[in-house]
Amino acid sequence: MSGQLGVEMRTGDDSQLNALGEWQRYGSIIPACVVGMSLLAIHVYAIGVLMEPLQQEFGWSRAEISAGPLVTALTTLSLASFAGRKLDSLGPRKIALVGVPVFAAALALLSITVNSLAVWLGLYMLLAAASMLVFPTVWTGAVAMRFDKSRGLAMAVVLSGTGIASAAVPYLT
């Protein structure tokens, strides 16, 4: 059934599904949501590994480099309610389909940083705006719309994406 959010939502017939039935019917969204959660955390877990090379390349202090993630945090704080309203009106699927490539492009743009702290901070501001399209509410919203009996487990699996990123990203970086 296509609901107000423009995505497949639980129908009246779904109220009879048990936990196993939910996983059989909607479990295919879980891997995508785990990957989405991992994607969002890449820049957070890569910065520690990149700190020294950035210092050597640009001569910036650790505080100046760390100002990028600070800008991201402050920007997301100011955009979160707007992003939440858009998520409510468009649904997680539409947001994610646009958000993943936009966030990936914003993340890739960090590689063009020149020896300008203003450019560095500007790119992190752009990354923050893009991150609103892959924020945890996108992935957990998709789960909450489909899972009822097994919602806690489904959310836990999806949220483990950040743990996967924390283990893999520093090593891969």
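**Helix packing and the nonpolar core**

In this predicted model, helix α2, spanning residues 29-58, packs against helix α7, residues 151-172, at an angle of about 35°, and their axes lie 7 Å apart. The crossing that α2 and α7 form is right-handed. On the α2 side the contact is made by I30, C33, V34, M37, S38, A41, I42, Y45, A46 and V49, while α7 contributes A154, V157, V158, L159, G161, T162, I164, A165, S166, V169 and P170. Sorted by character, the residues of this contact between α2 and α7 comprise 17 nonpolar and four polar ones, with no charged residue among them.

One residue of the contact can be followed further. L159, which is found in helix α7, touches M37 and T140 when residues up to four places away in sequence are not counted. L159 and I42 are separated by 117 residues in sequence, and their C-alpha atoms are 14 Å apart in space. Because its relative accessibility is 38%, and the partly exposed class lies between 20% and 50%, L159 counts as partly exposed.

From this contact the view can widen to the core. The largest nonpolar core has 36 residues, and those with the most contacts inside it are I30, F103, W120, W139 and V143. Two or more residues of this core come from each of α2, α3 (62-90), α4 (92-109), α5 (117-131), α6 (136-146) and α7, and α2 gives the most, with 11 residues. For W120, leaving aside neighbours within four places in sequence, the residues in contact are I47, L54, W60, E64, I65, G68, L110 and T113.

Terms used: Residues are numbered from 1 along each chain as its sequence is written. This is a predicted model: local features need pLDDT of at least 70, side-chain atom pairs count only at pLDDT 80 or more; totals for chains, interfaces and linings use all residues. Side-chain values use heavy atoms; hydrogens and water are left out. Axes are lines fitted to C-alpha atoms, for helices over the stretch in contact, and angles run from 0 to 180 degrees between N-to-C directions. Helices (H or I, at least four residues) and strands (E, at least two) are DSSP runs, numbered from the N terminus. A crossing is left-handed if the near helix is turned anticlockwise from the far one by less than a right angle, and right-handed if clockwise. Contact means heavy atoms within 4.5 Å. Ala, Val, Leu, Ile, Met, Phe, Trp, Tyr, Cys and Pro count as nonpolar, Asp, Glu, Lys and Arg as charged, and the others, Gly among them, as polar. A nonpolar core is a set of buried Ala, Val, Leu, Ile, Met, Phe, Trp, Tyr and Cys residues joined through side-chain atoms within 4.5 Å. Buried means under 20% relative accessible area, exposed over 50%, partly exposed in between (1.4 Å probe, protein chains only).
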